[in-house]
Every structure is written in C-alpha cells, then in structure tokens.
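Q: I'm new to this structure and would like a close look at a single part of it. Could you walk me through the nonpolar core and its surroundings, slowly and in plain words?

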Amino acid sequence: MSHQAEPPRRDRPARDPGLQPERTRLAWRRTALALTVIMVLTVRLALTGPSAGGTFGALVAGVAVLGWGAALTLCWRRATGSGPPPGYGRSLPLVALATVGFALLGTLLAARGLG
C-alpha cells in the first residue's frame, strides 16, 4: 500500500476581495443611472403625454422626483462607499420598491392616456 504524504499546510493569507468592491460600486452607479433615466421618462410622460397637464400630471411628476431622490441617495451612498457596510440589507429592498413604484406610475400614466 502506498501512502502519499500530505502537502505541507500553509497558513492562508487574509481574504483578498480583489475587484469585488469596485464591481459593487459600479453596479450601484448603473442602478442610479437607470433610475435617473426612468425618472426623466416618467416626468416627461406625466407633463407632455396624452394625460398631461393639470394636477394629476404635476402630482405624478412630483412623486417620481421624490422617489428618484430617495433611491438616488441610497444608490449614491453605496456607489461611493460612504454608505452602510456590506451586508446592511436595507438598500436593495428600498431601491426595488422605488423601481416597482416607477412601474406603477408608468402603468397608471399609460392607462390614463389610453382611456
């Protein structure tokens, strides 16, 4: 029976995250950019679309800008590394909520324009 010797044990160096933090910051920047484009399109549709004008359009535009501002604050803090440490799980659900809110506003605007 041949018995192979085990390779010598080496103490593992501290975890090297490599480029992961940079990729995460870039992903948050892309999210902020996408939300900005969605907000601009929502405001444009609210103010110039078929259902434009009046209190409804101004209200939708205001809600879009407020939602964008809140989401952008979260994204920017994470994108610059000045936000909460990784694992702080509130940013993602809040950005997802803002995205769903924009989808609902867009659906509302489209349905109002068709009716």
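A: Here is a walk from the whole chain down to the core, and then out to the surface.

Before anything else, keep in mind that this is a predicted model. Across the protein chain the pLDDT averages 76, and 72% of the residues score at least 70. Among the elements, helix α1, covering residues 20-48, has the highest mean pLDDT at 85, while helix α3, residues 91-114, has the lowest at 78.

The overall plan is easy to remember. You'll find three helices and zero strands, and starting from the N terminus the order reads α-α-α. Of the 115 residues in the chain, 22% count as buried. The accessible surface adds up to about 8600 Å², and 64% of that belongs to carbon and sulfur atoms. If you take the contacts with a separation of 6 or more, 68% of them are between residues 24 or more positions apart.

Now for the part you asked about. The largest nonpolar core has 19 residues, and those with the most contacts inside it are Leu 35, Val 60, Ala 64, Cys 75 and Val 95. Helices α1, α2 (54-80) and α3 each supply at least two residues of this core. Helix α2 gives the most, with eight residues. As background, nonpolar side chains in soluble globular proteins tend to be buried together.

Let's start with Leu 35. Leaving aside residues up to four places away in sequence, Leu 35 touches Trp 68, Ala 71, Cys 75, Val 95, Thr 99 and Phe 102. Two of those partners, Cys 75 and Val 95, are also among the core residues with the most contacts.

Next, go to Ala 64, which sits in helix α2. Is Ala 64 buried or exposed? Ala 64 is buried, because its relative accessible area is 0%, and the cut-off for buried is under 20%. Again not counting residues up to four places away in sequence, Ala 64 touches Met 39, Thr 42, Val 43, Phe 102 and Leu 105. Take Leu 105 from that list: Ala 64 and Leu 105 are 41 residues apart along the chain, yet their C-alpha atoms are separated by 7.9 Å.

Thr 42 is another partner of Ala 64, and this threonine belongs to helix α1. Thr 42 counts as buried because its relative accessibility is 7%. With residues up to four places away in sequence left out, Thr 42 touches Val 60, Ala 64, Phe 102, Leu 105 and Leu 109. Phe 102 turns up here, and you met Phe 102 already as a partner of Leu 35 and of Ala 64.

What about residues that are not buried? Leu 41, also in helix α1, is partly exposed, as its relative accessible area is 49%. Together with Leu 33 and Val 37, Leu 41 makes a nonpolar surface patch of about 290 Å². Leu 41 and Gly 106 are 65 residues apart along the chain, and 9.0 Å separates their C-alpha atoms.

One last stop is Thr 80, in helix α2. Thr 80 counts as partly exposed because its relative accessibility is 34%. The C-alpha atoms of Thr 80 and Leu 26 are separated by 9.1 Å, although the two residues are 54 positions apart along the chain.

So what should you take away? Picture three helices, each of them supplying at least two residues to the largest nonpolar core, with Ala 64 buried at 0% relative accessible area and Leu 41 partly exposed at 49%.

Methods: Residues are numbered from 1 along each chain as its sequence is written. This is a predicted model: local features need pLDDT of at least 70, side-chain atom pairs count only at pLDDT 80 or more; totals for chains, interfaces and linings use all residues. Side-chain values use heavy atoms; hydrogens and water are left out. pLDDT is the predictor's confidence in each residue, from 0 to 100. Helices (H or I, at least four residues) and strands (E, at least two) are DSSP runs, numbered from the N terminus. Patches are made of residues with over 30% relative accessible area and no salt bridge: like charges are joined within 9 Å, nonpolar side chains (Val, Leu, Ile, Met, Phe, Trp, Tyr) within 5 Å. Accessible areas come from the Shrake-Rupley method with a 1.4 Å probe; for residues, only the protein chains shown count as cover. A salt bridge is a side-chain nitrogen of Lys or Arg within 4 Å of a carboxyl oxygen of Asp or Glu. Buried means under 20% relative accessible area, exposed over 50%, partly exposed in between (1.4 Å probe, protein chains only). Contact means heavy atoms within 4.5 Å. A nonpolar core is a set of buried Ala, Val, Leu, Ile, Met, Phe, Trp, Tyr and Cys residues joined through side-chain atoms within 4.5 Å.
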